[in-house]
Amino acid sequence: MSQLIIPGDNLTISDSKELVIGPGIHVTPITKEIIPVHSGILQQANNALHIESNSRRYIPSNNDYVIGLVTGVFGDNFRVSLSNFSFPVSLSAMAFPNATKKNRPNLKIGNLIYARVSNASPEVDVEIECIDPTTGKDGGFGLLEGGYVFDVSLSFARSLLFDVNHTLLNLLVKKCKFELAIGLNGKIWIKADDLKYTLALAKSIEKAQLVYSGEFNKVINSAFSELGL
């Protein structure tokens, strides 16, 4: 399913049961009406629905995976920045696996976290959580320690996250082992055992978004050779 959509269009969905709503689409809390809020190409694969666009400004949507920077601590809540020049979002100290009043995460200002947008309703502050709602476990979310974080375009971040067989990632794993977190807010965190490898991986991804997939190998080899690897 692929069609051009602008905000306000009526969306005709063949099967709305158990539908996973992605970027560019809002579901009204009361009527459960599905409304496009971005212009772009409507994409539906299996039970996932989102609008693909070239927007440079990130707008949170429910179930988005994001990388954020802790900017403040207020009582039982943390304030987290998802992008520059945007309002911070809220992260409850209870939004972690096994969190209690006595056993709460010890996040500090300046920490990086990987989280999921749990509530992006325009009527209230955006909320994120570091827990997988299907299992109740961390699911890979939580504090990101060490490593290196950098920005990519929103569309490139989406392609890396949603394409499990992305050519670039398949080529990078042949170079070295690494940990990776991809945020739909255009941020990527990466960590290898050695700092040089971490920087080479980051440089490869940054440059790869500017070329065709056929040039990925050339970009990767260049980035690694520049660092003597």
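A pocket here is an open set of grid points, on a 1 Å grid over the protein atoms alone, with protein on both sides within 12 Å along at least five of seven lines. Keep that in mind as you explore this predicted model.

**Exercise 1. Find the largest pocket and describe what lines it.**

*Step 1.* Begin with the space itself: the largest pocket has a volume of about 950 Å³.

*Step 2.* Look for its centre. Among the 35 lining residues, Pro60, Ala120, Ser121, Pro122 and Val126 are the closest to that centre.

*Step 3.* Now turn to the elements. Strand E2 (20-21) and strand E3 (25-27) are the ones that give two or more residues to the lining of the largest pocket. The largest share, 3 residues, comes from E3.

*Step 4.* Sort the lining of the largest pocket by class: 20 residues are nonpolar, 11 polar and 4 charged.

*Step 5.* Finally, check the domains. Domain 1 (3-52) and domain 2 (64-144) each supply at least three residues to the lining of the largest pocket.

**Exercise 2. Do the same for the second largest pocket.**

*Step 1.* The second largest pocket holds about 480 Å³ of space.

*Step 2.* It is lined by 22 residues, of which Val20, Ala48, Asn63, Tyr65 and Phe162 are the closest to its centre.

*Step 3.* Which elements give two or more residues to the lining of the second largest pocket? They are E2, strand E5 (40-45), strand E6 (48-52) and helix H1 (154-162).

*Step 4.* By class, the lining of the second largest pocket comprises 12 nonpolar, 7 polar and 3 charged residues.

Conventions:
Residues are numbered from 1 along each chain as its sequence is written. This is a predicted model: local features need pLDDT of at least 70, side-chain atom pairs count only at pLDDT 80 or more; totals for chains, interfaces and linings use all residues. Side-chain values use heavy atoms; hydrogens and water are left out. On a 1 Å grid over the protein atoms alone, a cavity is a set of points where a 1.4 Å probe fits but cannot get out, and a pocket is an open set with protein on both sides within 12 Å along at least five of seven lines; lining residues have an atom within 4 Å of a point. Grid points are joined across faces, edges and corners, and a volume is the space filled by probe spheres set on the points. Helices (H or I, at least four residues) and strands (E, at least two) are DSSP runs, numbered from the N terminus. Ala, Val, Leu, Ile, Met, Phe, Trp, Tyr, Cys and Pro count as nonpolar, Asp, Glu, Lys and Arg as charged, and the others, Gly among them, as polar. Domain bounds come from an automatic or database domain assignment.
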